[in-house]
Amino acid sequence: MAYDQDNIFAKILRGEIPCNKVYEDAYALAFHDINPQAPVHVLVIPKGEYVSFIDFSAKAPADMITGFMRAVGETAKILELESPGYRILANIGQDGGMEVPHLHIHIFGGRRLGPMLAR
Ligand code: AMP
């Protein structure tokens, strides 16, 4: 799937629309979800034009893959989720329910999160 330069997360990365930032480094940006589904709901996005996990894992340079994974972990740490626990999730494509076509990891926490999938 071709990358859409006008998707909302591309605009956030370009600074064209604001976000409530949690963490940023050379590889990733983490910010609070605008419509939280849990007391803590943060998105972590890579700083590159990747739509899906297959796209990212196949095409991203090794330092980007490492940096992005570290950024997800660092964000969970900043949010103080290590001890209570948390969930990470990525929706990909149509069946995954992806709304924004820029790869993103959701971090959920702050309460018992219940079953893994909505029924
Ligand atoms: P997904 O369904 O996995 O593509 O998730 C997209 C997420 O992006 C949803 O949870 C939205 O609430 C969130 N979202 C959409 N626009 C924004 C925005 N401008 N700032 C923060 N989160 C957003």
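# A tour from strand β5 outward

Start by selecting β5, which is mostly covered: five of its five residues are buried. The model on screen is a predicted one. Show the side chains of the strand. Ile105, Ile107 and Gly109 point one way from β5, while His106 and Phe108 point the other way, and all are buried. The general pattern behind this view is that side chains in a regular strand alternate between the two faces of the sheet.

**The neighbours of β5**

Add β3 to the selection. β3 and β5 are paired in the antiparallel sense, with five bridges between them. To find the register, pick valine 40, which stands opposite glycine 109 in β5.

Now add β4. β4 and β5 also run antiparallel, joined by three bridges. Here the residue to pick is arginine 87, whose place is opposite phenylalanine 108 in β5.

**The whole sheet**

Select the remaining strands and look at the sheet as a unit. In what order do the strands of the open sheet stand? The five strands follow the order β1-β2-β3-β5-β4, and their pairing is antiparallel. β1 and β4 are at the edges and have a single partner strand each, so one side of each is left without a neighbour in the sheet. Turn the view to look across the strands: the twist from one strand to the next averages 20 degrees.

**The β1-β2 hairpin**

Go to the β1 edge. β1 covers residues 21-24 and β2 covers residues 28-32; the two pair in the antiparallel sense over three bridges. Between β1 and β2 is a hairpin connection of three residues. Two cross-strand positions are worth labelling. Lysine 21 is opposite phenylalanine 31 in β2, and tyrosine 23 is opposite alanine 30 in β2.

Keep phenylalanine 31 selected and add proline 18. Proline 18 is in the loop between α1 and β1. The two residues are 13 apart along the chain, and a distance drawn between the C-alpha atoms of proline 18 and phenylalanine 31 comes to 9.8 Å. Is proline 18 buried or exposed? Proline 18 is exposed, its relative accessible area being 73%.

**The aromatic cluster**

Clear the selection and show the rings of Tyr50, Phe56 and Phe68, which form one aromatic cluster. The model has three aromatic pairs. For tyrosine 50 and phenylalanine 56, the ring centres are 5.1 Å apart and the planes are at 85 degrees; an angle over 60 counts as edge-to-face, so this pair is edge-to-face. Both tyrosine 50 and phenylalanine 56 are buried.

Move on to phenylalanine 56 and phenylalanine 68. This aromatic pair is edge-to-face too, at 5.3 Å centre to centre with 70 degrees between the planes. Colour the helices to see what the contact joins. Phenylalanine 56 belongs to helix α2 (residues 53-59) and phenylalanine 68 to helix α3 (residues 62-78), so the pair ties together parts that are 12 residues apart in sequence. Phenylalanine 68 is buried, as is phenylalanine 56.

**The loop after α3**

Follow the chain out of α3 to glutamate 80, which is in the loop between α3 and β4. Check its backbone: phi of glutamate 80 is near 60 degrees, a positive value in a residue other than glycine. Glutamate 80 has 65% relative accessibility and counts as exposed.

**The largest pocket**

For the last stop, select Asp33, Asn35, Gln37, His41 and His106. Among the 31 residues that line the largest pocket, these lie nearest its centre. His106 was also seen at the start of the tour, as one of the buried residues of β5. The volume of the largest pocket is about 860 Å³.

Which elements give two or more residues to the lining of the largest pocket? They are α1 (8-13), β2, β3 (40-46), β4 (87-89) and β5 (105-109). The most comes from α1, which gives three residues to this lining. Colour the lining by residue class to finish: 18 of its residues are nonpolar, nine are polar and four are charged.

Conventions:
Residues are numbered from 1 along each chain as its sequence is written. This is a predicted model: local features need pLDDT of at least 70, side-chain atom pairs count only at pLDDT 80 or more; totals for chains, interfaces and linings use all residues. Side-chain values use heavy atoms; hydrogens and water are left out. Two strands pair if DSSP finds at least two bridges between them. Helices (H or I, at least four residues) and strands (E, at least two) are DSSP runs, numbered from the N terminus. Rings of Phe, Tyr and Trp (its six-membered ring) pair if their centres lie within 6.5 Å; planes under 30 degrees apart count as stacked, over 60 as edge-to-face and the rest as tilted. Buried means under 20% relative accessible area, exposed over 50%, partly exposed in between (1.4 Å probe, protein chains only). On a 1 Å grid over the protein atoms alone, a cavity is a set of points where a 1.4 Å probe fits but cannot get out, and a pocket is an open set with protein on both sides within 12 Å along at least five of seven lines; lining residues have an atom within 4 Å of a point. Grid points are joined across faces, edges and corners, and a volume is the space filled by probe spheres set on the points. Ala, Val, Leu, Ile, Met, Phe, Trp, Tyr, Cys and Pro count as nonpolar, Asp, Glu, Lys and Arg as charged, and the others, Gly among them, as polar. Axes are lines fitted to C-alpha atoms, for helices over the stretch in contact, and angles run from 0 to 180 degrees between N-to-C directions.
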